[in-house]
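Colleague: I am new to this structure and would like a close look at a single part of it. Could you choose one helix and walk me through its surroundings with some care?

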Amino acid sequence: MRRTITSHSPQETKELAARLAGQLSGGEVIVLSGDLGSGKTCFVQGLAAGLGVRGRVRSPSFIIMASYHGRLHLHHFDFYRLTAAVELTELGLEECYTAGAVAVIEWGEKFRSCLPRQTMWLKMEWRDENKRTLKFGRGFTADHFAGMLNA
Amino acid sequence: MALITLGIETSCDETGMAVLEDGQRVLANSLYSQVIIHRKFGGVVPEIASRRHLLKLVPLMESVLTAAGLDLGGIDLIAATRGPGLIGPLLVGLCFAKALALARNIPIVGVNHLEGHLYSACFNGRVKPPFLGLIVSGGHTELISVGAGFRHRLLASTRDDAGGEALDKVGKAMGLPYPAGAKIESLALRGDRQAVIFPLAIMKDGSDDFSFSGIKTAALLEMRKRKLTPRRRADLAASFQEAVCRQLVTRTLRVARRRGVKHLVVGGGVAANGRLRRMFQEELAPGEKIFFPEKGLCTDNALMVAYAGYLRYKAGQRDGDALEAKADLKIT
C-alpha cells in the first residue's frame, strides 16, 4: 500500500515515526532514502523514541551501524559511505533481520538486491526549509497508516 | 632502564604504529593511510579497510622497528586501540596486538581511542589534567572533563552529526574530493565568512550539546536556491566552516567558564583546522589557555595510542586475554 504524508517540521516527522513504531512487531526492515538533509536520521530518532529506546540516536554515517534496545531491538544502518555490496556480509546485515528486531537502513536503496522481500520503502523528499514529503511505498500496510495517522 | 612502548591504531582508515621510549621520546611513528584507496571509492569501505589493516600490520611493524633501531625483543609494552571505531578494523588490530603480547610475554594495555586524542596535546608535558577536552572529528564531537587519575566525565556531545561529518557531507555535496571536510578549509580561504549567516543551534533545554544537522541542511538549501558559481562556492565553504567553528568555540568556552576551567585541549581531525584554532585564540579571556596537538597528531595516529597506553600502564593498568574490541566504547 502506498501513501504520501507531508510533515511540516522535524518534530512532526519524529511524532509520525514514533506512532509507526507502535505498529511494529519485530522482523521489519525499513529502507529510508532521500537526499542529505531530508530528515532520515530525524525519522529514526522518532522511531527509536517510539520503541522506548533510551539514550541518543545519532547519525551512524561514520560507524555504519548502531544498535539500540527498546521494546524491540533497533538496528540503525547508514550506507552513505558504503560502495560495494560485498561489505554487507561483513556487517552481519542478515543477522539483523530477525524477529524481535527492527532494522532501519539509511541509503539502503544503494544495495537493493541485498534486501529481503518484505522490505518497507520510505522515500523522504525535501519541499522547503521545514516541509518534507514522506512517500511510503511497498511493504507498508493499512495498519501502519492507521497507526501513524491516529494522532 | 627505558620502557619501550609499541602503539597500534586501527580504529578506522589508518593503520598506525609508533615506538615510544619512556612516554616521551618518539623512536618511530608511522601511518599507512587508506585515504587514496578510499578516494577511489568515494568513502570508507569497511571490508577493504579490514583487509588492508591485516596486510599492512606486519610490514608496518617491521618498518617502525627498523626506524627505532630495535627488534621485537626490545619492546616492553603493547598499547592498542580497543574502541570506539569500526569493529572489523578494531578486531584486526587488537588481535594482532594480543597475539604479539602473548608471544613475547609482555604486558598489553587496551586504549580508548578518544583518550588517545585527549592526551595527545599533553605529549611532552605541554599541559596536564585537569582540563576541558574537546574531541571533534568525522566520527566524534565530545566535550569531556579530564581530571587527574583518568577521571573523565562526558559533559556534552552531538545530538546528530559529528562536526567533521557535517564538514565532510557539505564538502562532498559541493563536489569536493574525499576527504571533503579538509578541502573546505583551503576553499574557504578564498571566500567571505559572512556571505551566508547560519544560525547557532541553541538547545531548547539549555543543554551544552552540539547539533550540526540543522546547519548542514541549511547549507544544502543554499546550494539548491542558487547556482554555485566558483565565487559562491568559496563563500559557502567559508561561511559554513565559520558556523561549525563558531558552535564548537562558543559551547566549549561556555562550559569552561561555568566550570571555572582555565585549560582547554582540542583533539581529533578538525583540531587541525586553522580557522578553528584562530577562532579559539581570538575568543580566549585573560588567564585561559588552549592546547592543540601538533598538526600531525590531530588525525588518527598510533603515537597517541602509545602515549595514552604508557600513561595507563604507569598508573597500574594491565589487560589480559579478556581484552575485547568494542565499536561503541564509551569514555569513562
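What follows looks at one helix of chain A and then at its wider setting.

Modeller: Please keep in mind throughout that this is a predicted model. The part I have chosen is helix α2 of chain A, which runs over residues 40–50 and is mostly covered, with nine of its eleven residues buried. Those buried residues are A:Lys40, A:Thr41, A:Cys42, A:Phe43, A:Val44, A:Gln45, A:Gly46, A:Leu47 and A:Ala48, a list that includes a lysine, a threonine and a glutamine beside residues such as A:Phe43 and A:Val44. As for what covers them, the buried residues of the helix pack against α1 (10–21) and against the strands β2 (29–33), β4 (73–78), β5 (101–106), β6 (120–126) and β7 (132–136), which also belong to chain A. Just after the helix, A:Gly52 takes a positive phi of about 80°.

One residue of this helix can be followed in detail, namely A:Thr41, whose place is in α2 of chain A. A:Thr41 counts as buried because its relative accessible area is 14%, and the cut-off for that word is under 20%. Leaving aside neighbours within four places in sequence, A:Thr41 is in contact with A:Arg58, A:Ser59 and A:Glu106.

Turning to the nonpolar cores, the largest has 68 residues, and those with the most contacts inside it are A:Ile105, B:Phe240, B:Val266, B:Leu276 and B:Phe280. The element that gives the most to this core is helix α8 of chain B (residues 230–259), with 13 residues. Among the residues just named, B:Phe240 is in contact with B:Ala166, B:Leu167, B:Val170, B:Phe198, B:Ile215, B:Lys216 and B:Ala219, once its neighbours within four places in sequence are set aside. Apart from the largest core lies another, of 29 residues, and A:Leu47 is among its members, together with A:Ala17, A:Leu122 and A:Phe145; A:Leu47 is also one of the buried residues of α2 in chain A.

Finally, the two chains meet at an interface in which 21 residues of chain A are in contact with 27 residues of chain B. The area buried between them is about 2,300 Å², and carbon and sulfur atoms give 57% of it. The count of salt bridges between the chains is two; B:Asp209 forms a salt bridge with A:Arg56, where the closest N and O atoms are 2.5 Å apart. On the side of chain A that touches chain B, the residues divide into eight nonpolar, five polar and eight charged.

Terms used
Residues are numbered from 1 along each chain as its sequence is written. Chains are lettered from A and ligands numbered from 1 in the order in which they are written. This is a predicted model: local features need pLDDT of at least 70, side-chain atom pairs count only at pLDDT 80 or more; totals for chains, interfaces and linings use all residues. Side-chain values use heavy atoms; hydrogens and water are left out. Contact means heavy atoms within 4.5 Å. Buried area is the accessible area (1.4 Å probe) that two parts lose on being put together, summed over both. A salt bridge is a side-chain nitrogen of Lys or Arg within 4 Å of a carboxyl oxygen of Asp or Glu. Ala, Val, Leu, Ile, Met, Phe, Trp, Tyr, Cys and Pro count as nonpolar, Asp, Glu, Lys and Arg as charged, and the others, Gly among them, as polar. A nonpolar core is a set of buried Ala, Val, Leu, Ile, Met, Phe, Trp, Tyr and Cys residues joined through side-chain atoms within 4.5 Å. Buried means under 20% relative accessible area, exposed over 50%, partly exposed in between (1.4 Å probe, protein chains only). Helices (H or I, at least four residues) and strands (E, at least two) are DSSP runs, numbered from the N terminus.
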